Amino acid sequence: MSQAAHMRFDQLQATNPVYREACNRARAAAAVHCHILLRGQVGTGRRTLAQAVHAESPRREGPFVAAFVTSEERSTPRWVDDQLARARGGTLYLSDPVELSEEAYWRLVHRFTDDVDVRLIASTRREALEFSHDSSILWQGVQDLASEVVVDLPPLRARPEDIVPLFLQFAAEAAPGRVEACTEAAERALVEYAWPGNLLELRLVASQAARAAGGAVVAAGDLPLDGVPRLGEPPMPLHVDRETQVLRRHALGVLRRFGGDMERSAHALGVTLSCLYEKMKRYRIARGEYGGTTPIDRAPHWGREKEA
């Protein structure tokens with residue numbers, strides 16, 4: 001879907017020198033017409049950085065099109081042509097192009113060889129390189145196509161000085177005027193957590209903590225970090241969809257925190273009760289995992305309300 005890119009570089013909060021260098025490299029590339037390759041884990045802000053590049057480029061008045069290769073239907077030469085047509089005069093952000101079919105990949109290369117009027121910003125998860133079968137030749141081609149500038153985004157756990165400020169920013173966005181600070185214990189818990197879901201997970205945690213906090217200061221007990229990995233613990237398997245795991249673990253953590261109380265959990269997550277049941281079904285959360293008393297298959301209004 002074509003969309004405006006409102007994010008700008010001066011809105012990207014960062015003290016960490018590695019992340020700041022990544023932003024500086026991308027910002028320098030924004031001023032000239034070149035293709036860019038962004039590399040980083042799920043949730044590290046690849047699309048946000050791509051939006052900032054577009055917003056500060058000569059193509060800012062053109063469309064910003066974010067395209068995701070999520071199915072076989074989105075891995076065909078025709079799909080590639082459609083995305084390029086929508087992005088004409090602007091920027092095409094193509095997530096995980098290594099998942100394209102061979103035919104679709106060669107169509108992409110052919111179109112850019114014809115000097116199509118589109119800036120390409122390709123992005124990839126590092127783990128996609130390790131687990132995509134028969135992808136080495138295609139991946140090398142993607143790098144050749146989009147590697148005029150390569151930007152590596154560090155995981156959130158490598159940015160400890162940014163975690164608390166970002167947490168407070170996300171909490172303020174979720175509950176404006178409510179949260180102003182964290183206790184020392186809460187700050188320590190945030191920094192010590194491994195953040196396998198990176199900024200995506202931090203935003204979820206901040207949103208829930210902002211609702212749980214009894215005042216303007218978030219305490220360690222307000223953080224839904226019970227029973228989740230800490231630094232030094234084994235990471236989640238890379239071949240499993242990382243975003244799904246992050247969302248599942250977040251919902252499960254809230255359910256455990258409230259002892260399986262569905263209404264309180266739904267309120268903390270900011271969703272309706274029927275939406276919570278749908279999430280539990282989607283993420284295959286079993287009753288024994290959270291200590292609840294309501295069997296999932298007997299939940300009311302099962303699947304009748306879509307997630308907001």
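Threonine 15 touches Arg20, Glu161 and Asp162, leaving out residues up to four places away in sequence. Contact here means heavy atoms within 4.5 Å. Threonine 15 sits in the loop between strand 1 (2-3) and helix 1 (17-30). Helices (H or I, at least four residues) and strands (E, at least two) are DSSP runs, numbered from the N terminus. The C-alpha atoms of threonine 15 and glutamate 161 are 6.5 Å apart, with their positions 146 residues apart along the chain.

This is a predicted model, in which local features need pLDDT of at least 70 and side-chain atom pairs count only at pLDDT 80 or more, while totals for chains, interfaces and linings use all residues. Residues are numbered from 1 along each chain as its sequence is written, and side-chain values use heavy atoms, with hydrogens and water left out.

**Helix packing**

Three helix pairs are set out below. Axes are lines fitted to C-alpha atoms, for helices over the stretch in contact, and angles run from 0 to 180 degrees between N-to-C directions.

| Pair | Axis distance | Crossing angle |
|---|---|---|
| Helix 7 (160-174) and helix 8 (184-192) | within 9 Å | roughly 125 degrees |
| Helix 7 and helix 9 (198-212) | 8 Å | about 55 degrees |
| Helix 3 and helix 4 | within 8 Å | roughly 35 degrees |

Helix 7 is therefore oblique to helix 8. Its angle to helix 9 makes helix 7 oblique to that helix too. Angles under 35 degrees count as roughly parallel, over 145 as roughly antiparallel, 65 to 115 as roughly perpendicular and the rest as oblique.

The crossing of helix 7 and helix 8 is right-handed. A crossing is right-handed if the near helix is turned clockwise from the far one by less than a right angle, and left-handed if anticlockwise. Helix 7 brings Pro160, Ile163, Val164 and Phe167 to this contact; helix 8 brings Glu187, Leu190 and Val191. By class, these residues are 6 nonpolar, no polar and 1 charged. Ala, Val, Leu, Ile, Met, Phe, Trp, Tyr, Cys and Pro count as nonpolar, Asp, Glu, Lys and Arg as charged, and the others, Gly among them, as polar.

Helix 7 and helix 9 also cross in a right-handed sense. From helix 7 come Ile163, Leu166, Phe167, Phe170, Ala171, Glu173 and Ala174; they meet Leu199, Leu202, Arg203, Val205, Ala206, Ser207, Ala209 and Ala210 in helix 9. That contact has 12 nonpolar, 1 polar and 2 charged residues.

Helix 3 passes helix 4 in a right-handed crossing. Pro77, Val80, Asp81 and Leu84 of helix 3 face Glu103, Ala104, Arg107, Leu108, Arg111 and Phe112 of helix 4 in contact. The split is 6 nonpolar, no polar and 4 charged.

**Arginine 111**

Arginine 111 belongs to helix 4 (residues 102-113). Beyond its neighbours within four places in sequence, arginine 111 contacts Asp81, Leu84, Arg88 and Val116. The C-alpha atoms of arginine 111 and aspartate 81 are separated by 8.3 Å, at 30 residues apart along the chain.

**Cavities**

The structure holds 2 cavities of 30 Å³ or more. The second largest encloses about 30 Å³. Its lining consists of Trp79, Val80, Gln83, Leu84, Leu92, Leu94, Leu100 and Leu108. On a 1 Å grid over the protein atoms alone, a cavity is a set of points where a 1.4 Å probe fits but cannot get out, and lining residues have an atom within 4 Å of a point. Grid points are joined across faces, edges and corners, and a volume is the space filled by probe spheres set on the points. Helix 3 (77-86) and strand 4 (91-95) each supply at least two lining residues. Helix 3 gives the most, with 4 residues. The lining has 7 nonpolar, 1 polar and no charged residues.

Technical notes
1 Å grid on protein atoms, 1.4 Å probe; cavity = no way out; pocket = protein on both sides within 12 Å on 5 of 7 lines; lining within 4 Å.
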